[in-house]
Structures are given as structure tokens and as C-alpha cells.
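New notebook page. I want to get to know this one from the ligand outwards.

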Amino acid sequence: MKEVIKIEGGHRLNGNIKISGAKNATVALIPAAVLGTKTVHLSGIPDISDVDALREILEYLDNEVLTPMKDEIIINPEHMVNKPLVIDAVGELRASYYFMGALLGKYHNVIIKMPGGCDLGPRPIDLHLKGFEALGANIEYRNDNYYLKAEHLHGADIYLNIASVGATINIILAAVLAEGRTTIENAAKEPEIIDVANLLNKMGARIKGAGTSTITIDGVEVLEGCNHEVIPDRIEAGTFIILASAMADHVKVQNVIPAHIEALLSKLKECGVNFKAGIDYVEVFKSEDLRAIDIKTGTYPSFATDLQSPLTALLTQAKGNSTVFETIYKDRFKHCYELNKMGANIIVNNPSSTIVGPTPLHGAEVSATDLRAGACMAIAALIADGVTTIDEVHHIDRGYDNFDKKLSSLGAKIWREMIE
Ligand code: EPU
């Protein structure tokens with residue numbers, strides 16, 4: 001038996017929706033919280049299975065973890081014990097690798113197995129490891145586990161060949177308690193990095209330049225606790241704005257920082273979507289006669305790779321040939337083959353795809369091949385005539401907080417079934 005999501009398409013959407021805290025910030029904030037000696041109280045935590053896996057890792061390491069409210073987590077690392085992170089939870093998500101930086105920074109010693117996460121083609125972590133080595137760590141890889149050890153962690157000048165989100169955060173985590181100054185050049189500039197730096201600075205770290213391509217970290221001896229609210233999830237916001245662009249009469253997406261999704265909003269405007277951006281919301285009105293557009297993904301503030309798959313579903317309804325050029329994950333096109341099962345006409349030529357539109361979509365049996373592909377399939381299903389069955393829904397549950405409930409509240413016909 002397996003769980004599937006079923007969506008009956010063709011229903012117009014109306015209402016308000018509140019965006020949750022950012023997954024990709026939360027999954028770094030939680031490991032960051034154990035770097036101190038006192039309690040960290042995080043609010044705005046999304047209800048997703050990636051957070052459940054991180055909570056399991058925290059408890060395995062003997063942290064005290066409380067959740068007074070559904071969207072809060074209180075982490076007390078006072079009695080934390082450094083143990084080999086070879087439990088299954090580590091393999092359930094990519095971001096478990098932030099415990100490499102955090103435990104290296106705190107204990108100078110880490111044993112951890114390979115992280116999991118979406119299959120988007122090769123996802124090496126060489127830049128993380130080079131960063132740790134520059135800070136003084138010795139690294140070995142044996143029997144599917146990484147062994148990191150440092151006699152002494154010291155500041156270093158680190159240049160990243162690629163502005164990697166994960167490497168930037170992991171190096172910050174390892175450097176905050178190291179002796180002396182660390183400089184990261186060509187650092188990634190994503191808002192989630194600023195959020196992690198803000199948390200650590202509240203805990204007593206000395207990080208400057210987060211959000212720019214040069215970050216400096218002056219090591220401190222000890223970090224304390226603090227309260228922190230996670231920033232809104234720009235990818236969840238983008239997903240709901242895209243699906244509203246396809247099917248809304250009037251949908252207001254709240255708890256959004258429009259500046260974080262500027263690249264998406266300017267592309268939707270070009271496409272002919274009828275919307276209005278306010279201070280912390282985006283309102284989408286009925287949009288017709290959509291036009292084909294060209295997208296090139298890139299590091300922030302360019303168009304986010306995580307939004308290209310959801311957007312592809314919308315572009316099947318735009319007139320003309322749209323192209324998506326992927327520069328981050330060159331193989332991230334599995335969703336296109338699934339969309340073609342629903343009647344789309346997409347030609348994939350890695351690292352790009354051409355969407356020939358508009359094409360009517362019909363219900364079919366499709367797969368959520370990764371988290372954002374899952375959102376793409378749901379959007380296509382909302383547009384399609386008939387019922388679509390989406391398989392591999394655990395990917396959606398990894399990163400979208402109460403996805404079905406939020407869609408239902410807008411008037412979508414969505415339900416789950418267990419099937420053979
Ligand atoms: N890269 C390397 N070596 C490294 C690290 C990265 O070659 O050591 C390459 C990657 O293969 C990729 C590029 O650099 O081609 C960018 O990777 P990055 O490290 O920036 O991505 P990430 O940290 O693994 C995060 C998000 C992804 C999001 C990317 C890009 C988290 C947990 N994940 O991944 O989110 O697509 O940044 O913005 O923050 C998602 O949420 O669905 C998701 C996949």
C-alpha cells in the first residue's frame with residue numbers, strides 16, 4: 001500500500017493563505033542552535049517532515065527539545081553529547097549536513113553519514129569539505145561515513161568556486177567558535193543565509209556581510225541562547241503565487257517578503273499575470289491570455305531553481321514557446337516528462353526545456369519526483385480536466401507545511417488515498 005494525493009482539477013481558487021516559515025532557513029537554524037550553551041527558542045517553524053527528522057537528530061544527541069506550540073521549537077543543548085550521526089534520520093534530508101559544521105565548530109570532532117535529500121543529479125559537498133579543511137579539520141571518508149577532526153580550529157580565507165548555499169552556511173557554522181577571522185569570498189547571498197547569521201549574532205557570534213558575496217566571521221569563545229523568528233518561505237510563497245496565477249479568481253498570499261521573490265514577480269508580470277504586491281502580501285487576480293516567457297535559473301537574486309518546476313506547470317498554459325535554462329541543477333527536468341503524461345508539450349534538452357503552449361491538461365497518474373516537482377504536479381493537476389493521482393507524496397510532505405489543507409482552504413478538491 002502507498003499513499004497518493006488526488007486532485008480534481010478545474011476549480012477556481014479564492015481566499016487568503018498564510019505562508020509558513022522558510023524550510024531552507026529552518027533546517028540550518030536548528031543545527032545552528034546547538035552551537036551555544038543555552039536555550040534557543042525558534043518560532044515560525046514549518047510543520048514538515050524535514051523538521052521531524054532534525055528533531056530526531058537533536059534528541060539523539062541528548063538535547064532537550066520542547067514544542068510548546070506547533071510552530072515553535074525550544075532547544076536546550078546544556079546536556080548535549082557528541083555521538084556518531086549514523087542514524088536513519090540523517091539520510092532523510094540534505095540539510096543534516098549542517099550538523100557537520102555545527103559539531104565540528106563545537107566539539108572539533110564529527111562522525112556523520114552521507115546526507116539525503118532530493119535527487120536533482122549530482123550534488124557534491126566538496127566545497128563544504130575544503131572549507132572545513134581550511135579551518136584546520138582533517139577529513140576521511142570510510143564505510144559511507146565522514147570523519148572530521150581538528151586539533152585546533154582557526155580562521156582562514158576561503159574562496160568558493162561556486163556560490164553554494166550549503167557550503168556558505170556550513171563554513172559559517174564551523175567558523176563562529178574558531179580562533180581568529182574567517183573570510184568567505186564568493187559567498188552565496190540567499191535570504192536564508194542572512195537569517196542564520198542573524199540567529200548566530202543574537203547568540204553572540206560576530207558575523208558581518210551576510211547577504212553579500214564577502215562574509216567575515218570573527219571567532220568568539222562562547223555562544224549563548226536567544227529567541228528568533230524564522231523568515232517566511234519564499235519558495236512556498238512563489239509556489240502559491242504561481243498556482244494562483246493559474247487558477248485564482250482572487251487569492252491573497254500573506255506573510256511574504258516580496259523583495260525575496262522579485263525575479264519571479266517580474267517574470268509573472270512579463271507573462272501577463274494580474275497581481276498586486278503589497279508590503280507583506282501578494283494578491284493574485286484572474287489572469288487570462290498568458291504569454292510565453294524565458295527563464296534562466298541562478299543564485300540569489302536571480303530566478304530560483306526551486307521555482308522553475310512549479311512555473312513550468314503554469315507555462316503550459318501560456319501562448320508560444322517558453323524556455324527554461326537551468327544553471328544550478330542541470331538535470332532538474334524530470335517533472336517535464338510527468339507533465340507530458342498530462343498532455344503538455346515539453347521538449348527537454350538538458351540543461352534546458354522548451355514548453356510549447358498553450359496545451360489543455362488532463363488528469364493522469366504522475367509522480368512527485370522531488371519536492372518542487374511535487375508542487376509542479378499539484379499545480380498541473382489543479383489546471384487539468386479530471387482527476388490526477390500524484391505518487392511519492394513524501395517528497396511534498398518534506399517541505400510544504402500542510403499543503404493539502406492550504407489548497408483545500410482556497411477551494412481546491414484535494415484528498416489522500418492509500419492504494420495498492
Ligand atoms: N555544489 C558543488 N559543490 C559543493 C556544493 C554545491 O559543486 O560543495 C554545486 C551543486 O551541485 C549545485 C550548486 O553548487 O549545482 C548549488 O548548490 P548549493 O550548495 O547552493 O545548494 P544546496 O545548499 O545543496 C540549497 C537548497 C536547495 C536549493 C539550492 C539552490 C537547502 C537545504 N537546499 O541546496 O533547495 O535548490 O540551495 O538554491 O537549503 C529545495 O528546497 O527543494 C531545494 C533543493
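Before I start counting, a reminder to myself: helices and strands here are DSSP runs, numbered from the N terminus, with at least four residues for a helix (H or I) and at least two for a strand (E). I also keep in mind that this is a predicted model.

Entry one: the chain. I looked up the secondary structure and got 14 helices and 23 strands. The radius of gyration is 21 Å, close to the 22 Å that the globule rule gives for 420 residues, so the chain is as compact as a globular protein of that length. Along its principal axes, the C-alpha trace spans about 60 × 45 × 40 Å.

Entry two: the ligand's surroundings. How many residues surround the ligand? I got 23, and the closest are Leu-127, Ser-164, Asp-306, Ile-328 and Arg-372. By class, that shell has 11 nonpolar, 5 polar and 7 charged residues.

Entry three: polar contacts. I checked the ligand's oxygen atoms. One is 2.7 Å from a side-chain N or O atom of Asp-306. A polar side-chain atom of Arg-372 sits 2.8 Å from a ligand oxygen. With Ile-328 the backbone does the job: an N or O atom there lies 2.6 Å from an oxygen of the ligand. On its own the ligand has 830 Å² of accessible area, and the protein covers 90% of that.

Entry four: the pocket. The ligand takes up the space of the largest pocket. Which elements give two or more residues to the shell? They are α1 (23–33), α5 (126–134), α6 (165–175), α10 (305–315) and α12 (371–383). The largest share, 3 residues, comes from α5.

Key:
Residues are numbered from 1 along each chain as its sequence is written. This is a predicted model: local features need pLDDT of at least 70, side-chain atom pairs count only at pLDDT 80 or more; totals for chains, interfaces and linings use all residues. Side-chain values use heavy atoms; hydrogens and water are left out. A residue is near a molecule or strand if one of its heavy atoms lies within 4 Å of it. A polar contact is a pair of N or O atoms within 3.5 Å; within protein, one must be able to donate a hydrogen and the other to accept it, and residues adjacent in sequence count only if both atoms are side-chain atoms. Accessible areas come from the Shrake-Rupley method with a 1.4 Å probe; for residues, only the protein chains shown count as cover. On a 1 Å grid over the protein atoms alone, a cavity is a set of points where a 1.4 Å probe fits but cannot get out, and a pocket is an open set with protein on both sides within 12 Å along at least five of seven lines; lining residues have an atom within 4 Å of a point. A molecule sits in a cavity or pocket if more than half of its atoms lie within 2 Å of its grid points. Ala, Val, Leu, Ile, Met, Phe, Trp, Tyr, Cys and Pro count as nonpolar, Asp, Glu, Lys and Arg as charged, and the others, Gly among them, as polar. The radius of gyration is taken over C-alpha atoms; the globule rule is 2.2 Å times the number of residues to the power 0.38.
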